[in-house]
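Grab a coffee and work through these short exercises. Try each task yourself before you read the solution below it.

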Amino acid sequence: MIDCLLISPAFIFEKGNMWKEMRALDPPLGLAALAAWIRNEGYSVRIIDCDISAPDLRTFISILKKDFATKNINPRIIGFTCCTTTSAAAYKYAEIAKNFFSNSKIVFGGPHASFATKEVLSHDCIDYAVIGEGEITITEILKNKPIESINGLAYKNINNQIVYNAIRARIGDINLIPMPAYDLLDIEKYSPPLGAFKRKPSFIITTSRGCPGKCTFCTKTLGNLHLQKNADKIFSELQYLNNQYGIKDIVFHDDTFTADKNNVQDLCKLIINEKLDLSWHCFSRLDYIDEDLIILMKRAGCHQIMFGVESFDQKILDSYNKNIDLSLVKKTVELLRKHDITSRLAFIVGGPNDTKESLENSITHLRNINPDLIVVNVATPFPGTELYKQAINKKILNKHTWDKYTGAIPIITTENLSCKEVVHYYRKFYRNFYLRPMQIFRIIRRIKHFGGISVVIKAGLGLLKIAFSKKDTDYNYEC
Ligand code: B12
């Protein structure tokens, strides 16, 4: 018997998707966080990351047979993490798991379980959906608390109706959450996307939970309250990853790593004073960074910062509720250049208000401002977001299965752009930005910042695939 088996379903991205071409293989951090908490409470727990060990259903079946069923190891709870994009795959894995272990309770958590709860529970094999932060909720299931008294849980009653229990309050002090159970993952098998790390081994972590922003395209699984692990705690986690697994490079995947300036300063000072050999990359906001901080971050090993700019049209940016002044873009990119930190800017194409003019304008501005790297996503209305509500209200949501919600396929038809035009601009951004002699020269010159020659070649080939797929109808989309 094992108390809890946690599973991250595998997902195969379509051709031309940025994550596929950039060969990212990132750890299920939510499951590692849950596992650490569950273990601290005295329960046994294991994680299967299907991307690594069971990329197809046949392998999954043989793992369940070999490692569990034949050894009579029956999990009391089988928990799946479920993003919108991975939901269809998650349902298939869950059905197999329930067939093997009919007495186990199948629990779904993560963004899709939190915002598409009804759909998740419509599957016979799924018993419970956990909404929001999962640690305390899953522990209470393990403790056999009466189901109707567990906050943050939705389930089916005997009449097969869905019951939503009271909302689960957030764990107030993020410093009380134990370090994710990295030992339950095959750390050496993971790698952040090409171009995001400077050297290997590199690993991705988060140091905060929640985001006060109100961006219309963002899924806020853990809510608005931003809580930050303190610098000491982050530093010991970095030391652990370094000592235990030789990790030398980190991608801080927090929504806004610099949200708490004092804390970042404390962390940088710790890294510098303790001489931790670390290079790192983080995500920030243009209004949460200044030159003093940039200088200190650089001294502490920061080699790249990513900012969401989304559009160079202030009105369109405002329509995303991003609340950022575009004049900051040029200033910030120049500051990063001055201090030899790679700048990476992220854009959205195909939002409800985008027009050909606004996208052409963004492409021209981008070339003038000239950051080091860019990332482009097609506007994708994930359940629970304002963008999703807008798409439903305006009746502009196309019929698509959730596996198409990858950020590279148009899911909404806008007033001004056809799906074909959106795909055209998705590729044009990449083409016009990267395929310039000056840009190619710049990347070659900064090879050590981008992780070496082989990484640049692989990333370059991936970008060519994104930018030059045979025709704009490669994607099987309906408009
Ligand atoms: C790191 C990250 C990645 C990494 C790694 C993903 C991974 N394997 O975990 C990379 C770069 C690969 C990535 C890729 C993508 N990502 Co991403 N990513 C994140 C990010 C920034 C952090 C996730 C994280 O680790 N959080 C910390 C942990 C502690 O929180 P958590 O995962 O939510 O888990 C808690 C609860 O949700 C719950 N829970 C989760 N699983 C389970 C399971 C059970 C059984 C239970 C009980 C509870 C439970 O308990 C956990 C602990 O409290 C989030 C944004 C965010 N701030 O959460 C986006 C986010 C998850 N990504 C998102 C998206 C859209 C994508 C992409 C499609 C790319 C894109 N176009 O943006 C791809 C697809 C990935 C996929 N396989 O589905 C969306 C998902 C939206 C949705 N509705 O599904 C998010 C929410 C971003 C956003 N704000 O919109 N991503």
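## Exercise 1: an unusual phi

Asparagine 321 sits in the loop that runs between helix 12 (314–319) and helix 13 (327–338). Keep in mind that this is a predicted model.

**Task.** Work out what the sign of phi is at asparagine 321, and decide whether asparagine 321 is buried, partly exposed or exposed.

**Solution.**
- Start with the background: most residues other than glycine have a negative phi.
- Now check the angle. Phi of asparagine 321 is near 60 degrees, so here we have a positive value in a residue other than glycine.
- Next, count neighbours. Asparagine 321 has 14 other C-beta atoms within 10 Å.
- Exposed needs 12 or fewer, and buried needs 20 or more. Asparagine 321 is therefore partly exposed.

## Exercise 2: a second one

**Task.** Do the phi and exposure steps for aspartate 340, and say where aspartate 340 is found.

**Solution.**
- Location: aspartate 340 is in the loop between helix 13 and strand 14 (342–349).
- Backbone: its phi is near 60 degrees, a positive value in a residue other than glycine.
- Neighbours: 10 other C-beta atoms lie within 10 Å of aspartate 340, so it counts as exposed.

## Exercise 3: cis or trans?

**Task.** Decide whether the peptide bond joining lysine 200 and proline 201 is cis or trans.

**Solution.**
- Most peptide bonds are trans.
- For lysine 200 and proline 201, omega is about 0 degrees, and the bond is cis.
- To place it, look at the loop between strand 7 (162–164) and strand 8 (202–205), where you'll find proline 201.

## Exercise 4: two helices

**Task.** Classify the packing of helix 14 (residues 356–369) and helix 16 (residues 419–434) by angle.

**Solution.**
- The two axes come within 10 Å and cross at roughly 10 degrees.
- Angles under 35 degrees count as roughly parallel, so helix 14 is roughly parallel to helix 16.
- Helix 14 brings Lys356, Leu359, Ile363, Leu366 and Arg367 to the contact, while helix 16 brings residues including Tyr425, Phe429 and Phe433.
- By class, that contact has six nonpolar, one polar and four charged residues.

## Exercise 5: around the ligand

**Task.** Which element gives the most to the shell around the ligand, and how do the residues of the shell divide by class?

**Solution.**
- Altogether 38 residues surround the ligand, with Gly30, Gly79, Gly109, Gly134 and Gly407 the closest.
- Helix 2 gives the most, with four residues.
- The class split is 17 nonpolar, 17 polar and four charged.
- Domain 1 (2–164) and domain 2 (275–474) each supply at least three residues of the shell.

Notes
Residues are numbered from 1 along each chain as its sequence is written. This is a predicted model: local features need pLDDT of at least 70, side-chain atom pairs count only at pLDDT 80 or more; totals for chains, interfaces and linings use all residues. Axes are lines fitted to C-alpha atoms, for helices over the stretch in contact, and angles run from 0 to 180 degrees between N-to-C directions. Angles under 35 degrees count as roughly parallel, over 145 as roughly antiparallel, 65 to 115 as roughly perpendicular and the rest as oblique. Two residues are in contact if their C-beta atoms, placed from the backbone, lie within 7 Å. Ala, Val, Leu, Ile, Met, Phe, Trp, Tyr, Cys and Pro count as nonpolar, Asp, Glu, Lys and Arg as charged, and the others, Gly among them, as polar. A residue is near a molecule or strand if its C-beta atom, placed from the backbone, lies within 6 Å of it. Domain bounds come from an automatic or database domain assignment.
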